[in-house]
Amino acid sequence: MLRYGKIGGGLVALALLTGLVAGTPASADPSAALAGNVLTYPTAGGTAVAVNDVIQASLKTSTNATFYNSTSGTTGIKCAASSFSAKVLTNPTAPGTATESLTAQSFGTCTTNVFGTTGVQSIALNNLPYATSVTSAGVVKISGTTAAPVQSTVVLNSLLGAITCVYRTSTNSLTGAAANATNSITFTNQPFTKFSGPSLCFGTAYFSATYSPVRDSSKGNAAVYVN
């Protein structure tokens with residue numbers, strides 16, 4: 001998400017989310033025949049996740065959230081810590097689409113290898129909460145509004161002082177995927193484009209991250225599955 005001589009960070013994130021995401025439609029295990037509801041715990045086809053339950057997850061062990069300058073590059077920012085929290089709004093009978101509200105998304109322990117930068121002050125997902133939907137096929141979509149678009153702000157230290165890069169998605173949404181086999185949510189190369197910032201900020205930043213395990217913190221951190 002950054003190029004030598006340029007900087008930037010696009011979050012995404014964010015965000016995440018619900019317990020699910022990725023650049024390609026993901027595959028929650030096809031257990032709809034077993035499940036009464038789209039979201040269940042502590043197994044696929046198990047007990048329905050209740051409305052108002054809180055779903056949370058952090059990065060999969062030994063992985064990073066990354067914001068790179070291209071879909072195949074390694075120049076940019078990587079964060080060793082990231083987590084999200086979402087509240088369940090609806091959880092209908094499967095097959096169907098559950099809805100959630102992404103209420104929190106954080107990034108920490110971030111480093112940069114972009115030429116001209118010396119560190120990462122902060123990465124924040126703005127305008128929360130975001131509407132989130134999760135289908136029985138494992139597709140997760142996070143959406144902003146005209147008044148509160150999906151946006152991230154990255155503050156970096158540079159040789160010339162601190163710089164602030166603001167990024168938004170061109171579709172005002174992020175798409176990901178859920179996988180029951182690994183109880184995970186994955187974002188892959190989700191693009192953010194520069195909305196404002198100096199020339200050091202990248203024009204496009206690609207966000208990738210895997211969150212696992214996805215848990216229902218309202219039910220003793222039981223694993224959450226998509227049906």
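In this predicted model, strand β11 and strand β13 (residues 184-196) pair in the antiparallel sense, and three bridges connect them. Within this pairing, Val 166 is placed opposite Ser 196 of β13.

Strand β11 (residues 161-168) also has a partner in strand β10 (residues 151-158). These two strands run antiparallel as well, and eight bridges join them. The link between β10 and β11 is a hairpin of two residues. Here Val 166 of β11 stands opposite Thr 153. Val 166 may therefore serve the reader as a point of reference, since Thr 153 faces this residue in one pairing and Ser 196 in β13 faces this residue in the other. As a general principle, the side chains of a regular strand alternate between the two faces of the sheet.

From these strands, one may turn to the protein as a whole. The protein contains 17 strands and zero helices. Among contacts with a separation of 6 or more, 73% involve residues 24 or more positions apart.

The interior may be considered next. Of the 227 residues in the protein, 51% are buried, that is, under 20% relative accessible area. The largest nonpolar core has 48 residues. Which of its members touch the most other members? They are Leu 39, Ile 77, Cys 79, Phe 107, Ile 123, Phe 207 and Tyr 211. Strand β5 (residues 76-90) gives the most to this core, contributing five residues.

Finally, there is the outer surface. The accessible surface of the protein is about 8,900 Å², and carbon and sulfur atoms account for 54% of that area.

Definitions and conventions
Residues are numbered from 1 along each chain as its sequence is written. This is a predicted model: local features need pLDDT of at least 70, side-chain atom pairs count only at pLDDT 80 or more; totals for chains, interfaces and linings use all residues. Side-chain values use heavy atoms; hydrogens and water are left out. A nonpolar core is a set of buried Ala, Val, Leu, Ile, Met, Phe, Trp, Tyr and Cys residues joined through side-chain atoms within 4.5 Å. Buried means under 20% relative accessible area, exposed over 50%, partly exposed in between (1.4 Å probe, protein chains only). Helices (H or I, at least four residues) and strands (E, at least two) are DSSP runs, numbered from the N terminus. Two strands pair if DSSP finds at least two bridges between them. Contact means heavy atoms within 4.5 Å. Accessible areas come from the Shrake-Rupley method with a 1.4 Å probe; for residues, only the protein chains shown count as cover.
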